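Student: Hi! I have a protein model open and would like to go through it with you. Can we start with the pockets?

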Amino acid sequence: MHQLSRTDARRLAIRAQLLDSPRPTDLIDVVRRLTLLDIEPTAAVAPSADLVLWSRLGGAYEPDELQVLLENRVLLELRGVIRPSEDIALYRADMAEWKRGDKLTGWRKSRNDWVIANDGCRRDILRRLAADGPSLTRDLPDSCVVPWQSTGWTNNRNVSQLLELMVLRGEVAVAGRRGGQRLWDLAERVYPDDVIVAADEARRTRDELRLRSLGIARARRTETPIEPMDVGEVGEPAVVEGVKGDWRVDPVYLDDANFSGRTALLPPIDRLVYDRTRLLELFDFDYQLEMYKPVAKRRWGYYALPILHGDRFVGKLDAVADRRAGVFRITEIHRDVPFTKAITAAIDQEIDELADWLHLERMTLND
């Protein structure tokens, strides 16, 4: 059982997420280490995937590089995130279980039952894709006999919901994008022809990769969609001083004698801040994405960027990229701790570098 201070735990998490110094230099290596890039369409500053990569690689990163890797299918989109193509083999056994349906329970069974009830529409979509190749959602037939029911925006969006479930069944895949909209094709024409990893082995490997990307995580957490925040029994056990409960750590990060921090501006769904509970426990950092809140109830802004300095989060940057005006507009820098001259200078430099990368002129609210 490893005994860690909060500083130890924070540094584990930062090193695992490639946010220490020096910066990494290879794009595909970064994606493989992080295991995924979230696709979030909001571009108040820049798309989330691009901000994640810029925060690691710096100004040398160009978004076109990511698009080339996607077009060449070195990286693939799976359920709203970008993953290395070789990792798809770790999900194929689960897809087969969805397709068989015999082991599904709870919400998984009810959703698979809905697919079965609309088997005619599922077959129509597969035939259309087989004949026409990559197609937008709107170009696919809706012959569902049982409509998708929801109290939210997905109500009666039969084809889009059916496609999402057909992804889980390993029948269709995102083959690319056109104007930001997904292009669908048969999974067999998109996914690499790698050997499928058995379900139990695949789940353990996914846990190991996730722990390697997080550094430190809980063994068990509440289930979350797309990507879990826990790691099962992989790694080694640890306790963190002042934090209740047990953790799992990747031992590769336990020697932090050479830790060297830096300053970074992170997008709101960056993996270092995505687990808000862990963020509060280890970093004592209170943060929420407030874009869905009424303006009067926002504390930090529409799309505030958490500011990492060394091994602590020191504030939030409320800013927006106004491309029409050609400026990176800084509304406010919220300070969670008193800023020294060194902290202020480091943050100013990082903001300047972000503005340069965006090809915008930095401007504060009062300019």
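Tutor: Happy to! Take the second largest pocket: the largest share of its lining, 5 residues, comes from α4. Keep in mind that this is a predicted model.

Student: Okay, so which elements each supply at least two residues of that lining?

Tutor: They are α3 (48-57), α4 (63-71), β3 (75-78) and β6 (172-178).

Student: And what is the volume of the second largest pocket?

Tutor: The volume is about 650 Å³. The lining has 25 residues, and Ile39, Gln67, Leu70, Glu77 and Arg177 are the closest to the pocket's centre.

Student: How many of the lining residues are nonpolar, polar or charged?

Tutor: Sorted by class, there are 13 nonpolar, 5 polar and 7 charged residues in the lining of the second largest pocket.

Student: Got it. How many cavities of 30 Å³ or more does the structure hold?

Tutor: There are 4 of them. The largest cavity has about 110 Å³ of space. It is lined by 14 residues, and those closest to its centre are Arg210, Leu214, Pro228, Met229 and Arg271.

Student: Which elements give two or more residues to that lining?

Tutor: Two elements do, α9 (199-214) and α10 (271-274). The largest share comes from α9, with 3 residues. By class, the lining of the largest cavity has 7 nonpolar, 2 polar and 5 charged residues.

Student: How does anyone find where empty space is left?

Tutor: You roll a probe the size of a water molecule over the atoms, and that shows where space is left empty.

Student: Neat! New topic: which residues have the most contacts inside the largest nonpolar core?

Tutor: Those are Leu37, Leu51, Leu53, Leu317, Phe328, Leu354 and Leu358, in a core of 41 residues. At least two residues of this core come from each of α2 (27-34), α3, α4, β12 (305-309), β13 (312-322), β14 (327-335) and α12 (341-358). The largest share, 7 residues, is supplied by α12.

Student: What does leucine 358 touch, leaving out residues up to four places away in sequence?

Tutor: Leucine 358 touches Val45, Ala46, Ala321, Arg323 and Phe328. There is also a second, separate core of 35 residues, with Ala89, Leu129, Leu162 and Ala202 among them.

Student: Now aspartate 185. Where is it?

Tutor: Aspartate 185 sits in strand β7 (residues 181-186).

Student: Is aspartate 185 buried or exposed, and why?

Tutor: Buried, because its relative accessible area is 5%, and the cut-off for buried is under 20%. Not counting residues up to four places away in sequence, aspartate 185 touches Leu129, Gly133, Pro134, Glu171, Val172, Ala173, Ala175 and Val190.

Student: Which residue's side chain does aspartate 185 join in a polar contact?

Tutor: Arginine 189, with a polar contact of 2.7 Å between the two side chains. As for threonine 344, its C-alpha atom is separated from that of aspartate 185 by 49 Å, and the two residues are 159 apart along the chain.

Student: One last residue: where is leucine 104?

Tutor: Leucine 104 is in the loop between α5 (92-100) and α6 (106-117). Leucine 104 counts as buried, because its relative accessibility is 11%.

Student: What is leucine 104 in contact with, leaving aside neighbours within four places in sequence?

Tutor: Its contacts are Glu97, Trp98, Lys109 and Asn112. Glutamate 223 is 119 residues apart from leucine 104 in sequence and 15 Å apart in space, C-alpha to C-alpha.

Terms used. Residues numbered from 1 in each chain as written. Predicted model: local features only at pLDDT ≥ 70, side-chain atom pairs only at ≥ 80, totals over all residues. Heavy atoms only, no water. Helix = DSSP H or I, 4+ residues; strand = E, 2+ residues; numbered from the N terminus. Buried < 20%, exposed > 50% of the residue type's maximum accessible area, 1.4 Å probe, protein only. Contact = heavy atoms within 4.5 Å. Polar contact = N/O pair within 3.5 Å; in protein donor to acceptor, adjacent residues only side chain to side chain. 1 Å grid on protein atoms, 1.4 Å probe; cavity = no way out; pocket = protein on both sides within 12 Å on 5 of 7 lines; lining within 4 Å. Points joined across faces, edges and corners; volume = space filled by probe spheres on them. Nonpolar A, V, L, I, M, F, W, Y, C, P; charged D, E, K, R; others polar. Core = buried A, V, L, I, M, F, W, Y, C linked by side-chain atoms within 4.5 Å.
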